[in-house]
Amino acid sequence: MQDDVAAAEVAHEQEYVDTVYRQLIRSAASAQRLAAEGHSRGRLGHEGGLVERDAMVFQAARRLASLDAAHEGLVFGRIDMRAEISGEPRYIGRIGLRDDNRDILLVDWRAPAAALFYQATPAAPQGVVRRRILRSQGEQVLGVEDDLIDAEADTDLPIIGEGALMAQLSRARDRSMHSIVATIQAEQDRAIRAPERGVVTISGGPGTGKTVVALHRAAYLLYADRRRYETGGVLVVGPSGVFMRYIERVLPSLGETAVALRSLGEVVDGLRATRRDDPAVAEVKGSSRMVDLLSRLVREPVPGGPEELRWFYRDDVIVLGRRELDGVRRQLLGGGPRNRTTTRVASALLDAMWRQVRGERALERTKGDFVAEVRDDDRFLDFAAAWWPVLDASGVLRWLRDPEVLHRAAAGVLDEESERLLAKSWSAGEQPASVEDVPLVDELRYLLGDPPLVDADSMADTLRDPELEALGLADVALQDTRAELAEDRAESRPRGWEAPTVRVEDDGYAHVLVDEAQDLTPMQWRMVGRRGRTATWTIVGDPAQSSWPQPAEAETARERALLSPSGRTKEVHAFHLSKNYRNSAEIYDFAADYAERVGLAADLPEAVRTTGEAPVERVATDLETGLREALAELRGRVEGTIGVVGAAARQVELRSWVAGWPEVADDLAGGAEARLAVLTGLETKGLEFDAIVVVEPEEIEAESPTGRATLYVVLTRATQLMTVLQTG
Ligand SMILES: Nc1ncnc2c1ncn2[C@@H]1O[C@H](COP(=O)(O)OP(=O)(O)OP(=O)(O)O)[C@@H](O)[C@H]1O
């Protein structure tokens, strides 16, 4: 009987969904037609082109093309209100849609009219009687799940299903995060729809949905003020490339593609760092002491550059030796960021040279004659370009590979041990930049300023430089020499160290969203902060999961990063999430016990799901055999992903073991999509798996000063089963 009712309800919903899809096709086609017409007239979106509504439908249809049919369908929700409020159900979908009579068929989940769908609870029904979630695949409705919100309402609406949230949480995991648009919970919805001003912080313990909520918030902001956020750009920063791959489908599945997703190693254009430095090195490179060190570095002479300029002028020998050149260097450095001063180098050198002109024959001529004679001489131009070249930040960071340069820059800034760690890290030959090097490159970009020669426009600026014009130097000879030298450098530049591709003024975004914010070092805060001076922010994190050992220093850097350009503190709206939707209660209890035992001062959420499967602690005499057995068991018991997590120093060994076992060969196939992954503790940040094997937890704990927090992260990654494996 109940089955018949359910089948009838599904059939009924299918009819509605069919209507919506038919309308979508009609609207999209007409919008496309109009767009084509508008386009041919060059007036898309303006009077005579598309009216606003059609432009919206057109945009929406375009975005819809990227909808992943495997996720929840276009129409996923419905609310029925008390009869005295409305006799018509309200359908909620990924976009809004009207029929040909302009009546609403589907409410965009982000629209104010959809808020009730998420915020109505039995304690505060707000007129909603029943909330229904439609489970679909593509255009086909597979089932419905109902919540009776207002049990006191006089209604004969059938209530079907066992709760969409639990079904969603118990599903087998693959290697990517999914949108939760159908099952957003009320406290999460409040964070998603928070006001657009200032800074929204979202805190909460493991698995509370911080990441997924933040991503839905990005989609919400794009909806609420599309013009601002699409043109100004939304930047999402996460801890690692693996994490970015994990979350990269969520926004497209919500129909949004205009968002830049960057891991911390990719924030600077042109750099893609994945290698992590050892924790001790990372601590030095991440510290704000590096600002002083780098400020000194940019004042250094170019290593290997010419040290003397010797010039015969009539009866004079003009020599600019180290002392004179140091004077010119200081004078130039006093005039602004180093690369900006490259247009002034010729005149500064000529001034210094002219000061040495003494001979009588020479003095018969004026300074103007002298300048005219020297300035076009190739030897002079080559000297100027080699002595004061346009510098690129990655190249300048490489100067620190010379221990003497490092020592000069670090004197009085770093202690001996820190300097030794840096020297060791950078003397290890031609390595690509590490994740921790990227903020240093960025700092240098700002200290150096933009080279005047990055494009034709700025070339024109250079040529208009009044000082050059006054000196009669506004010709291209020096520029040509510089351009040639820049090309030479580009050719000799090792892979992975590309020059910045944009000017620093182009770095700003309209919104910056930082995930796992507890892990940002002070230098990373500075880097991200530069991209959000005029932006609004969403900052997501859980201090108990932090792997940065100097929280107070990071806090100060974070506060600075959030200042407006005029130095004002942006207003902060804080949201806290309290329920863990990832781990079973059994697994989370185990992790929470650990956090309390080791004194992590963790924010402990309540896990909403129980499985009856407590974590298993296995002691093996032989680790390889123990791991193989543990994996065999987990593979048989979960359908989705499995993670093997061990200390960084064990990775090579673990990978080679696993790669040698024929029974898991299929599970390892598929690269980033593989069912089975071997990871370090830090690499598991933000991720989740159906089952986890934690190999030798004490090693994970011991590998860095914040190893306990890392182990806590690892213990909160599994949704269903967890095995903790140690040798006895
Ligand atoms: N309302 C919801 N409906 C369905 N699933 C949800 C909901 N909220 C969270 N989840 C799921 O819970 C899991 C944890 O979410 P998420 O990774 O965003 O948490 P987190 O707070 O960022 O975790 P951590 O800090 O431990 O990395 C994900 O699988 C997410 O899809």
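Two strands pair if DSSP finds at least two bridges between them. The legends below describe a predicted model.

**View 1. Strands E18 and E20 pair in parallel.** Val645 has Val694 in E20 as its bridge partner. The pairing of E18 (residues 642-645) with E20 (residues 689-695) covers 4 bridges and is parallel. Val694 also appears among the residues with the most contacts to other members of the largest nonpolar core.

**View 2. An open sheet of 5 strands holds E18 and E20.** The strand order is E17-E21-E20-E18-E19, and the pairing is parallel. E17 (616-620) and E19 (676-679) form the edges, each pairing on one side only. From one strand to the next, the twist averages 20 degrees. Helix H27 (residues 623-637) packs on this sheet. H27 touches E17, E18, E20 and E21 (718-727). The direction of H27 makes about 165 degrees with that of E21.

**View 3. An open sheet of 6 strands includes E7.** Its order reads E9-E8-E12-E13-E7-E14, with parallel pairing. The edge strands are E9 (259-263) and E14 (572-577), and each of them pairs on one side only. Neighbouring strands are turned by 15 degrees against each other on average, direction ignored. E7 and E14 run parallel and are joined by 6 bridges. Ser203 stands opposite His576 in E14.

**View 4. Helix H6 lies across the strands of View 3.** The strands it crosses are E7, E8 (234-238), E9, E12 (511-514), E13 (536-541) and E14. H6 runs at about 165 degrees to E13.

**View 5. The loop between E7 and H6 carries Gly207 and Thr208.** The loop follows strand E7 (199-204) and leads to helix H6 (210-224). An unreviewed UniProt entry places a "binding site" feature at Gly204, Gly205, Pro206, Gly207, Thr208, Gly209, Lys210 and Thr211. Are Gly207 and Thr208 buried or exposed? Gly207 is buried because it has 26 C-beta neighbours inside 10 Å, and the cut-off for burial is 20 or more. Thr208 is buried too, with 26 other C-beta atoms within 10 Å.

**View 6. Gly207 and Thr208 have contacts far along the chain, beyond four places in sequence.** Gly207 touches Asn580, Tyr581, Arg582, Asn583 and Thr716. Thr208 is in contact with Leu577, Ser578, Lys579, Asn580, Tyr581 and Pro605. Asn580 and Tyr581 appear in both lists.

**View 7. The largest nonpolar core has 159 residues.** Which residues touch the most other members? They are Ala218, Val234, Leu444, Val693, Val694 and Tyr712. H6 gives the most to this core, with 9 residues. Beyond four places in sequence, Leu444 is in contact with Leu294, Val298, Ala393, Val396 and Leu397. A second, separate core has 15 residues, including Val328, Ala346, Leu349 and Phe383.

**View 8. Strand E2 pairs with E1 and with E4.** E1 (residues 75-81) and E2 (residues 90-93) are antiparallel, with 4 bridges. The bridge partner of Arg78 is Tyr91 in E2. E2 and E4 (residues 104-108) run parallel, joined by 2 bridges. Gly93 has Asp108 in E4 as its bridge partner.

Definitions and conventions. Residues are numbered from 1 along each chain as its sequence is written. This is a predicted model: local features need pLDDT of at least 70, side-chain atom pairs count only at pLDDT 80 or more; totals for chains, interfaces and linings use all residues. UniProt positions are given in the numbering used here, feature names are shortened, and annotations may be inferred rather than shown by experiment. A residue is buried if 20 or more other C-beta atoms lie within 10 Å of its own, exposed if 12 or fewer, and partly exposed in between; C-beta atoms are placed from the backbone. Two residues are in contact if their C-beta atoms, placed from the backbone, lie within 7 Å. A nonpolar core is a set of buried Ala, Val, Leu, Ile, Met, Phe, Trp, Tyr and Cys residues joined through C-beta atoms within 7 Å. Axes are lines fitted to C-alpha atoms, for helices over the stretch in contact, and angles run from 0 to 180 degrees between N-to-C directions.
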